[in-house]
There are 2 protein chains.
Amino acid sequence: MNRSNTGANLPALRNHNAALVLDLLRAAGEAGISRLELAERTGLTPQAVSKITARLRDEGTATEAGRRASTGGKPRTVLKLVPSAAHAIGLHLDRDELTAVLVDLAGTLVGARTVPLDLGAEPSCVVEAAAAEAEALTGGRRVLGVGVAMPGPLDHDSGVLHRVTGFPHWNGFPLRDALAERLGRKVFLDKDTNAAALGLALRAGTRAGSFAYLHLGTGLGAGLVLGGALHRGARTGAGEFGHQTILLGGPACGCGGRGCIEALCLASVARGDIAAAARFLGVGAANLVGLLDIDEILLGGRTVTADQDTFVRGVAAVVEERARRGGAPEVPVRPAAGGPHAVAEGAAQLVLVPVFGRANVAYPQA
Amino acid sequence: MNRSNTGANLPALRNHNAALVLDLLRAAGEAGISRLELAERTGLTPQAVSKITARLRDEGTATEAGRRASTGGKPRTVLKLVPSAAHAIGLHLDRDELTAVLVDLAGTLVGARTVPLDLGAEPSCVVEAAAAEAEALTGGRRVLGVGVAMPGPLDHDSGVLHRVTGFPHWNGFPLRDALAERLGRKVFLDKDTNAAALGLALRAGTRAGSFAYLHLGTGLGAGLVLGGALHRGARTGAGEFGHQTILLGGPACGCGGRGCIEALCLASVARGDIAAAARFLGVGAANLVGLLDIDEILLGGRTVTADQDTFVRGVAAVVEERARRGGAPEVPVRPAAGGPHAVAEGAAQLVLVPVFGRANVAYPQA
DNA sequence: TCCACTTAAGCAACGCTGTTGCCAAAGTGC
DNA sequence: GCACTTTGGCAACAGCGTTGCTTAAGTGGA
């Protein structure tokens, strides 16, 4: 059951178990999964799984697709997710560009649009532009909601923006509610790094329970996935990785501090010393691995992509050195998969998270 | 519902809701709480709460205790937890000392024993000594289980010790199972810093959803409580705070690295410059606040206790300075409450956590 | 070809959960 | 003293997963 402070009743129980089954169906992908295997993995009885999958088939969310080889008795029937049963829209509002994607239940990209955007414009104009892109992608399909990713800071719970860097007029704007009213759909808002991390968490192959996505572009930030769920912190402020001090009394940073990783990394990049930048990044990654005991480090962002191998090797070297000293486990460092729509696709996953039961860690109210 | 990957059935539902109600009863303490208030807080219907509390009263876990003033109708009946309905034992196995405590359901200390201990002795002898202390405290009471806190590293999930610093013969010893078999009781194992953090999380007054407990004694470590639950990481390795690099190329640390907070802090303490030690600790705390967006920093450990005000002020100054730069929220820094048995009491809470539904964040299997 | 055996999955009855509708209990205040 | 408000239990109920059993659909040996 998902962590929460609220009581659960029978409908909640039913949703929980259905979401669990859907998550396994999604993870099984094209290979499918049998009822008995679902029963084994969920801990439910086979009969319960039969009932749940029957409901899902009635809804059109799941379907039977062939059968496995017999092992001496009746062969198992293979069940699969029907990805086209529902869709989600993801919007990435960047400083100068708006990317909108439509994904199906499996997270597969169905459609994408990219248009120029001026975040400096009136919020109402931006809302209108975003809504127009979302509607253009819908096309009569069953759309569960819209996920929006933006540069922070913002508050996920209330859906309100804070002092977006360089765009003070956004301060306090209730973007989520404004867009939800305009579109008549559920809207979810999160930071771009969080959306990217969520997208990575749900990519086939990245089944790590917890990892950090480090994004080095014009700035340096992180998205944290802990125990399979996005860690946002109480105010959606988590992931402030770039202004971690790693060199006391070091060079001044734009934030007013000294010796921040971001300043050190970007200065190294500016003078062309990518290996040094990678080592700085690695120090922060090693600190993070020790503090949180995560399974994996994923690197992304324009600056990383430009010299991917150097960054991956440099960060891995520092992390491994620390593991050898016994201060941290051996943690793989890999480049983050994902094309030009990675953030928008992650934003779409904000909508799909509750469907598949991978609820976010809930925070008790003060 | 608690986050998990397993299916839920009616008994699980019932336990979840009962635990939720018990948690609210515990939080209400001597003041008590009415049925309607419980209904409001849990989201359950008043009738469901009536049924649940009736079961708890039958069990002897809750009781009616007076009534509130009327607001124009029938006055509300106040319900309270019956702390003596069950107990938990907490063991703190330190390098040279074994502390055992008995606490009731409310977490109140009922009994305590402290004896010398040699962690260098045979594991079987230590198990025997620990079991004897636990049994001496039981005294015919209903004891739900035994929580054990030790210096790490160790694995909470399997209950197996790793290379305990300075005591290599413990490597791989299945302490949890050995003690469970010897005592015939459920046993839970965790790091001392985690137990301390858990104890703080459940102390009245510390209702922060997430905080970091920084422990500065002979070493420097941290216990992290995120979203009301202990964050252990996949291998119970989280909280390695002391060997975070904050001064690249700085003085050598015992771990083999350079510029670790622990080395810097302890060196400052050694030469009597407590204010400098506090500032170093503050840099790490500020890094952590930014990364995890927590609500509070709690400081403890012998070294901190010796100069509490200096440490609290010094750390708070650095954290506040960072908040002013906009890089992190304003986070209070406070001394950790708790007497000589704080760790053992936290260990006992390991047993009580599932009773009150504040389950730990579950990690998906690989 | 038949038949015993194995394995998968549905049917029906069941126990138990929280919910709903209603009513009794226990106050306040004109 | 009576109308009103508020609390909380009783009884009937819908719906969840579970249990016991039956049917479906294969394998493999005689």
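The following dialogue examines how two protein chains and two DNA strands are arranged in a predicted model.

Trainee: What makes the two protein chains related as by a two-fold rotation axis?

Mentor: Chain B is superposed on chain A by a rotation of 180° with 0.0 Å of shift along the axis, and the RMSD is 0.1 Å. The two copies are therefore related as by a two-fold rotation axis. Both copies use the same surface, since 100% of the contact residues of chain B recur in chain A.

Trainee: Which residues come nearest to DNA strand C?

Mentor: A:S50, A:R76, A:T77, B:R14 and B:T45 come nearest, out of 30 residues around that strand. Of the strand C atoms that come within 4 Å of the protein, sugar and phosphate account for 64%.

Trainee: Why is the pair formed by B:T45 and DNA strand C called a polar contact?

Mentor: A polar contact requires a pair of N or O atoms within 3.5 Å. An N or O atom in the side chain of B:T45 is 2.5 Å from a phosphate oxygen of DNA strand C, so the pair meets the cut-off. The side chain of A:R35 likewise places an N or O atom 3.3 Å from a phosphate oxygen of this strand.

Trainee: How do you know that a base of DNA strand C is contacted as well?

Mentor: A base oxygen of strand C lies 3.0 Å from a backbone N or O atom of A:K74.

Trainee: Which helices supply at least two residues each to the surface near DNA strand C?

Mentor: They are α2 (35-42) and α3 (46-59) of chain A, together with α1 (10-28) and α3 (46-59) of chain B. The largest share, five residues, comes from α3(B). By class, this surface has eight nonpolar, 12 polar and 10 charged residues.

Trainee: What polar contacts does DNA strand D make?

Mentor: Among them, a polar side-chain atom of A:N17 lies 3.1 Å from a phosphate oxygen of strand D. A backbone N or O atom of B:T77 is 2.6 Å from a phosphate oxygen of strand D, and a polar backbone atom of B:G72 is 3.3 Å from a base oxygen. Two or more residues each come from α1 (10-28) and α3 of chain A and from α2 (35-42) and α3 of chain B. Here α3(A) gives the largest share, five residues.

Trainee: Where do the domains of chain A lie in the sequence?

Mentor: Domain 1 covers 10-84, domain 2 covers 86-197 + 342-352, and domain 3 covers 208-335. The centres of domain 1 and domain 3 of chain A, taken over C-alpha atoms, are 39 Å apart.

Conventions
Residues numbered from 1 in each chain as written. Chains lettered and ligands numbered in written order. Predicted model: local features only at pLDDT ≥ 70, side-chain atom pairs only at ≥ 80, totals over all residues. Heavy atoms only, no water. Domains from an automatic or database assignment. Near = heavy atom within 4 Å. Polar contact = N/O pair within 3.5 Å; in protein donor to acceptor, adjacent residues only side chain to side chain. Helix = DSSP H or I, 4+ residues; strand = E, 2+ residues; numbered from the N terminus. Nonpolar A, V, L, I, M, F, W, Y, C, P; charged D, E, K, R; others polar. Least-squares fit on C-alpha atoms with pLDDT ≥ 70 in both. Contact = heavy atoms within 4.5 Å.
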